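Work through the exercises below with the coordinates open. Try each task before reading its solution.

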Amino acid sequence: MNYTNASKIWTMPFFVALINNFFLFIVYYSLITILPVYVIRELKGSEVQAGLMMTIFMLSAILVRPFSGKIIDVLGKRKTLIVAELFFGLSTFLYLWVDDLYLLLALRFFHGIWFSIVTTVLIAIANDIVPDKRKGEGLGYFAMSMNLAVVVGPFIALTTVQFFPYQSLFLGLAVAIVIGFLGSFSIKVSENRPIVLERKPLSIHDLFEVRAIPIAIVGCLTAFSYSSIMSFISVYAEGEGVFEYVSLFFVVFASAMILVRPFTGRLYDRRGPNYVIYPSFIFFAIGLFVLSSMHSVTMLLIAGALIGMGYGSIVPCFQTLAIQSAEKHRSSHATSTFFTLFDSGMAAGAFVLGIISSYLGYSMLYIICGIIVVITIPVYKQLSSRKRKNERIVDSQREGASSL
């Protein structure tokens, strides 16, 4: 297929937005990885207090996420990006001086607010930039920047603190955000802001995009299972004697995701989302089952490859479906709706699966997560078929109205 210049994905605005997103998630994953260690070693806190560093961040992100779409409507995408990234960057700088547990918790809550807004608006901007005929491919590449940060962020954090003080890491992360912030001024987008004829009380439609809820529910279930990787893979690997290979697990994960991304993106655009989503579910589930019986480095890396091909392909599809379910001026609401449920699944999974693992062990934990992924397949099928049915009804009503 020959694409004209109008259908190019790799334009300068898209590249700047992608790099911006990459830097944001490097900060996010670096701090998730290193703050628990920092709290215990440097601030003499407990394991519970260390765990709160992620919980309080996710809590503020989840609370603010539904309002992100409304904020973007009021300010516009470009202004929202600049303001939110400015405060996100200032929050990152503050880690240099905060050396009290309770002040650090307050900072994490404040930081989560701006993370929620800036990630929502960046996806909405990427959706505006990517040509309509290449949404699956373009937004898939954009989502891949987030998944790559899963590898790069922890690697940078763990390597830096081995040779330098924690403050050096915090300063480096802040500088990365400053670079992204300066680049955000070069991004030009069409706002597509709704025309407001009169002021109305805040309603559910100001906070959520109802048409994005079905795929957001599926995303929530998927995130619930994936939280077992983010929260417990290191502890599980340590118990199996392969802790030093956990970073390699994420390298294999990212490599597998990158290898399949060009094919899955084009397949999504040409054949439809189901041709990507169903196989990806299967790869993800098999990867979790392999992980449940992991007793060697080889099995750990095989699981990483399978999960990278599966989970790494599913999430970009879900994001694209959520955005495509709404009208263009509602893309930010669709994004915030999706990530509200997705983040909730991650947070709930970390809590619930932690309880399960304490009673049943990590091997059984990954079996349960694999089963949840398998169960999610018919849930997705049911919700997507219901959505298509509703769309056909709406289209027929519109055709009837237009003929009158």
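## Exercise 1: A threonine in helix 12

Thr 337 has a relative accessible area of 0%, so Thr 337 is buried. The model is a predicted one.

**Task.** Where is Thr 337 found, and which backbone atom does its side chain reach?

**Solution.**
1. Place the residue. Thr 337 belongs to helix 12, residues 331-360.
2. Check the burial. The cut-off for buried is under 20% relative accessible area. Thr 337, at 0%, is therefore buried.
3. Look for the polar partner. The side chain of Thr 337 reaches the backbone nitrogen of Glu 209 at 2.7 Å. The cut-off for a polar contact is 3.5 Å.
4. List the contacts, leaving aside neighbours within four places in sequence. Thr 337 is in contact with Leu 207, Phe 208, Glu 209, Ala 212, Ile 213 and Ala 216.

## Exercise 2: A threonine in helix 13

**Task.** Is Thr 376 buried or exposed, and which backbone oxygen does its side chain reach?

**Solution.**
1. Place the residue. Thr 376 is part of helix 13, residues 362-403.
2. Read the accessibility. The relative accessible area of Thr 376 is 1%, so Thr 376 is buried.
3. Find the oxygen. It belongs to Ile 372, and the side chain of Thr 376 reaches it at 2.6 Å.
4. Skip residues up to four places away in sequence. Thr 376 then touches Val 218, Leu 221, Thr 222 and Phe 281.

## Exercise 3: Classifying ring pairs

**Task.** How many aromatic pairs are there? Classify Tyr 28 with Phe 57, then Phe 338 with Phe 342.

**Solution.**
1. Count. There are 31 aromatic pairs.
2. Take Tyr 28 and Phe 57. Their centres are 5.6 Å apart, with 40° between the planes, and the pair is tilted.
3. Locate both rings. Tyr 28 lies in helix 1 (residues 12-41) and Phe 57 in helix 2 (residues 47-75), so their pair ties together parts 29 residues apart in sequence. Tyr 28 and Phe 57 are both buried.
4. Take Phe 338 and Phe 342. The centres are 5.6 Å apart and the planes lie at 25°, so this pair is stacked. The cut-off for stacked is under 30 degrees.
5. Use the sequence spacing. Phe 338 and Phe 342 are 4 residues apart in helix 12, so about one helical turn separates them.
6. Check the burial of each. Phe 338 counts as buried because its relative accessibility is 1%. Phe 342 counts as buried because its relative accessibility is 6%.
7. Extend to a cluster. Ring pairs link Phe 25, Tyr 28, Tyr 29, Phe 57, Phe 88 and Phe 115.

## Exercise 4: From core to whole protein

**Task.** Which residues touch the most other members of the largest nonpolar core, and how many helices and strands does the protein have?

**Solution.**
1. Open the core. The largest nonpolar core has 120 residues, and those touching the most other members are Leu 104, Tyr 226, Ile 229, Phe 250, Leu 291 and Ile 307.
2. Ask which helix supplies the most. Helix 1 does, with 18 residues.
3. Follow one core residue. Beyond residues up to four places away, Ile 307 touches partners including Ile 229, Phe 249, Phe 253 and Leu 291.
4. Count the elements. The protein has 13 helices and 0 strands.
5. Gauge the burial. Of the 404 residues, 51% are buried.
6. Consider contacts with a separation of 6 or more. Residues 24 or more positions apart account for 85% of them.
7. Finish with the surface. About 18,200 Å² is exposed, and carbon and sulfur atoms supply 68% of it.

Methods:
Residues are numbered from 1 along each chain as its sequence is written. This is a predicted model: local features need pLDDT of at least 70, side-chain atom pairs count only at pLDDT 80 or more; totals for chains, interfaces and linings use all residues. Side-chain values use heavy atoms; hydrogens and water are left out. Helices (H or I, at least four residues) and strands (E, at least two) are DSSP runs, numbered from the N terminus. Buried means under 20% relative accessible area, exposed over 50%, partly exposed in between (1.4 Å probe, protein chains only). A polar contact is a pair of N or O atoms within 3.5 Å; within protein, one must be able to donate a hydrogen and the other to accept it, and residues adjacent in sequence count only if both atoms are side-chain atoms. Contact means heavy atoms within 4.5 Å. Rings of Phe, Tyr and Trp (its six-membered ring) pair if their centres lie within 6.5 Å; planes under 30 degrees apart count as stacked, over 60 as edge-to-face and the rest as tilted. Accessible areas come from the Shrake-Rupley method with a 1.4 Å probe; for residues, only the protein chains shown count as cover. A nonpolar core is a set of buried Ala, Val, Leu, Ile, Met, Phe, Trp, Tyr and Cys residues joined through side-chain atoms within 4.5 Å.
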